[in-house]
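Visitor: Please take a close look at the side-chain packing, beginning with the aromatic rings. I would like the cut-offs along with the values.

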Amino acid sequence: LDEGHMELVDESTVKKMILTFEKRSYKNQALRIKFPDNPEKFMESELDLNDIIQEMHVIATMPDLYHLLVELNAVHSLLGLLTHVAIAVVDLLQELTDIDTLHESEEGAEVLIDALLEGQVVALLVQNMERLDELVKEEADGIFNTLAIIENMAEFKPGLCTEAAQQGLMQWLLKRIKAKMPFDANKLYCSEILAILLQNNDNTRELLGEMDGIDVLLQQLSVFKRHNPSTAEEQEMMENLFDGLCSCLMLPSNRDRFLRGEGLQLMNLMLREKKMSRTSALKVLNHGMIGPEGADNCHKFVDILGLRTIFPLFMKTPKKMKKTGNSEKEHEEHVSSIIASMLRNLKSQQRSRLLNKFTENDCEKVDRLMELHFKYLEAVQQADKRIEGEKHEMVRRGEILDDGMEDEFYLRRLDAGLFVLQLICYIMVEISNSGISQLQQRVHQILNLRGGSVKVVRHIMREYAESIGDGKSEEFKEAERKRIMDLVENF
């Protein structure tokens, strides 16, 4: 029976269906023009139109026939109907663009998505969302489904994010996120789409910055300064907003907007309040202060007494990390990275204040630094040993060591804590070169006591120098490498 039923829907059925849809769409249009002020005259034709749109959902089971929707102009007609049978059209598009369906037939998907984009689908969907009233359940669902269409298309074709953001989507998302409405599924979805738009995309990051989006993100996050999210969904939204903020800070021009929007003060308060937001606040600070573009934020952080907040977190990794599912390695990496950024960027009086932190209380910060050094050195050396063993075994079996394997081995070393180890060694050589003999003596004293070696530190620093400056100019990389190697030579 099923077989027979399936045969009912083939290419010719789909063609017929689309032609019926076109006829009804045309009829409805004609009646609307003829009786603009008399809805009951075109009501029946609208119900008929709705019915055929419902029937067309079956096409979503056959993505290899999507080309018919394009060739017979149905995509164009559907987009034209967004003004009066919006909900029905949105439901259909949402089903047609279901991501699993799209992957079933890459060609069909490609044809459909290209036709939608050509028809300015995002701009039309955004205009439609502007008209919907979320107090009406059906219309609130319409917004949810619209966001699903956008997510599906963005996942299938990440390149469309810039265009989508510019077609009014970014502006609408920011407006919806800051709307004074109770938290709901739509707000969560908006935060998710926003984070997707900002992933690896400097165009959308710049656009968000120009629209004062950094302020919007900071305002929305400030709620979580003293209160934890009340549900898992709200926590997810908080994480999405933090992720979006971290993405934005990859763009140098947004570092300044963050500074002016008092982002540092908010993150500093979050670190002190010990709520769920603390881990993410640390990550944001790291993104805001890293690299030469982080210099202004580094100085400001010292000015707002951030050293008093960051060093207790350096001295002791919070126990509560388990609850939020973050590892102590991640915590120690962020804190070390922030301190390394300050050592790299701070000048004059702020730099002295930072270095004084290392001398106070009989150099306890140096002791902790060295404790972390040996903790991560051991972890990385164990990983190296295992990797060496596996390489040896591969050679013995006559297997080839390809780039893929090399990459995997490198990732395993990172997993063991290689990057944290590099940051810690960087802090060691920086404070040893600070001209404060007490610091240099303490670092070397503990190295010798615990059987560490200067040679090992130098080796780690060489590897670090090789890997820095992602996406920066060759001149920058060269200068930075030289700076690091000079520190190493004097270590």
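Guide: A residue is called buried when its relative accessible area is under 20%, exposed when over 50%, and partly exposed in between (1.4 Å probe, protein chains only). The model is predicted, so local features need pLDDT of at least 70 and side-chain atom pairs count only at pLDDT 80 or more, while totals for chains, interfaces and linings use all residues. Residues are numbered from 1 along each chain as its sequence is written, and side-chain values use heavy atoms, without hydrogens or water.

Rings of Phe, Tyr and Trp (its six-membered ring) pair if their centres lie within 6.5 Å; planes under 30 degrees apart are stacked, over 60 edge-to-face, and the rest tilted. Four aromatic pairs meet this rule. In one of them, Phe-311 with Phe-314, the ring centres are 6.0 Å apart and the planes stand at 85°, which makes the pair edge-to-face. Both residues belong to helix α20 (residues 307-315), where their spacing of three residues is about one helical turn. Helices here are DSSP runs of H or I with at least four residues, numbered from the N terminus. Phe-311 and Phe-314 are both buried.

The rings of Tyr-426 and Tyr-464 also have their centres 6.0 Å apart, but with planes at 55° this pair is tilted. Tyr-426 sits in helix α25 (residues 418-432) and Tyr-464 in helix α27 (residues 454-467), so this pair ties together parts 38 residues apart in sequence. Tyr-426 and Tyr-464 are likewise buried. As for Phe-311 and Phe-314, Phe-358 joins them in one aromatic cluster.

Helix α19 (residues 295-303) has Ala-295, Asn-297, Cys-298, His-299, Phe-301 and Val-302 as its buried residues. Those residues pack against α16 (252-260), α17 (263-273), α18 (278-289), α20, α22 (328-345) and α23. Contact here means heavy atoms within 4.5 Å. After α19 comes Leu-305, with a positive phi near 65°.

Helix α23 contains both Ser-348 and Cys-363. Ser-348 is not a glycine, yet its phi is positive at about 40°. Cys-363, also not a glycine, has a positive phi of about 60°. In accessibility the two are classed apart: Ser-348 counts as exposed at 56%, whereas Cys-363 is buried at 1%.

Helix α23 (residues 348-396) also bears on the largest nonpolar core, a nonpolar core being a set of buried Ala, Val, Leu, Ile, Met, Phe, Trp, Tyr and Cys residues joined through side-chain atoms within 4.5 Å. This core has 153 residues, and the members that touch the most others are Leu-69, Leu-169, Leu-245, Met-267, Met-342 and Ile-431. Helix α23 contributes the most to it, 13 residues. Around Leu-169, beyond its neighbours within four places in sequence, the contacts are Val-122, Val-126, Met-129, Ile-150, Ala-164, Ile-193 and Leu-197.

A polar side chain can be set beside these. Asn-240 is found in helix α15 (residues 232-248) and is buried, its relative accessible area being 12%. Apart from residues up to four places away in sequence, Asn-240 touches Leu-188, Ser-191, Glu-192 and Ala-195.

One ring remains. The charged end of Lys-41 sits over the ring of Phe-35, 5.2 Å from its centre; the rule asks for NZ of Lys or CZ of Arg within 6 Å of the ring centre and within 35 degrees of the ring normal.

Key: Helix = DSSP H or I, 4+ residues; strand = E, 2+ residues; numbered from the N terminus.
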